[in-house]
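Let's take a walk through this structure together, starting with a term we will need and then following the strands and side chains.

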Amino acid sequence: DGDDIEVIASEVDGATFSVDEDLFLNVVPNQDFNTEGSDPIILELTASDAEFDVSTTFDITITVANDAPVLISQTEAITVDEDCCLDTGIELALSQFEVTDVDNTIEELELKISEDDIPDDAPYTVDGLFITPIEHYFGQISVPVYIEDLELSSELFNCIITINPINDTPVWTQTIDNQIIEEDCDPCADFPIDLNLYISDTDDDPLSVTVSDVVGVTFSVNED
């Protein structure tokens, strides 16, 4: 008859169906909804020309799609002392982070470090999940990590590690040569000796040097 036809989709659980003015049927599934383990959705469409109504039904099956895991936050503060782990490294673990995945269990997820996103001047090296700061470094380091479910990966997350400074022991960098001086000298040849050339301190702390008491001569070290 050439009548205008209107089609109405029934309301169902799990998805929203609509019919536009050109009689195209559209569907928007609910977030993370699928029909695995349950019956398909039965959709009823009712067509009307304003005088007569006629209905039809058909099944809609929504298959499972793998969703990427989400790394939400770092739940454990990681704090170590300077030079604590030069041999062993600092190990990262999945348990140190809050993670969600609607499709997988925690046991099916894996924490990884994105080595491609580590700056060239980063003060640490990486071996698997082990972080090794450079010697004598202290402060905070940021390590780009992500979660993988073997198919999809989460967005990158910056794991923060805090390294507390410790006082490093001063070091004699070289041995002072044995000295020969003349009796009753004042001043004596090759003295004073600049001890700054022979000792160093990584932390640049002010240093003091004490001299042992010996018989026959008095040694002293000034503030320089």
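A residue counts as buried under 20% relative accessible area, as exposed over 50%, and as partly exposed in between. Keep in mind that you are looking at a predicted model.

With those cut-offs, turn to K112: its relative accessibility is 25%, so K112 is partly exposed. E148, in contrast, has a relative accessible area of 15% and is therefore buried. Side chains of opposite charge can pair when their charged atoms come close. Here the side chains of K112 and E148 form a salt bridge, at 2.7 Å from N to O. This contact joins distant parts of the chain, since K112 sits in strand 10 (residues 110-113) and E148 in strand 13 (residues 139-148), 36 residues apart. How many salt bridges does the structure hold? The count is one.

Now move to strand 12, which covers residues 130-133. One face of strand 12 is covered and carries I131 and P133, while F130 and T132 lie on the uncovered face.

Strand 12 has two pairing partners to look at. Strand 11 (residues 124-127) runs antiparallel to strand 12, with four bridges between them, and strand 8 (residues 90-91) also pairs with strand 12 in the antiparallel sense, over two bridges. Which residues match up with I131? V126 stands opposite I131, and I90 has I131 as its bridge partner.

Finally, look at the hairpin that strands 11 and 12 make, with two residues between the strands. There, G128 adopts a positive phi near 70°.

How values were computed. Residues numbered from 1 in each chain as written. Predicted model: local features only at pLDDT ≥ 70, side-chain atom pairs only at ≥ 80, totals over all residues. Heavy atoms only, no water. Buried < 20%, exposed > 50% of the residue type's maximum accessible area, 1.4 Å probe, protein only. Pairing = 2+ DSSP bridges. Salt bridge = Lys/Arg side-chain N within 4 Å of Asp/Glu carboxyl O.
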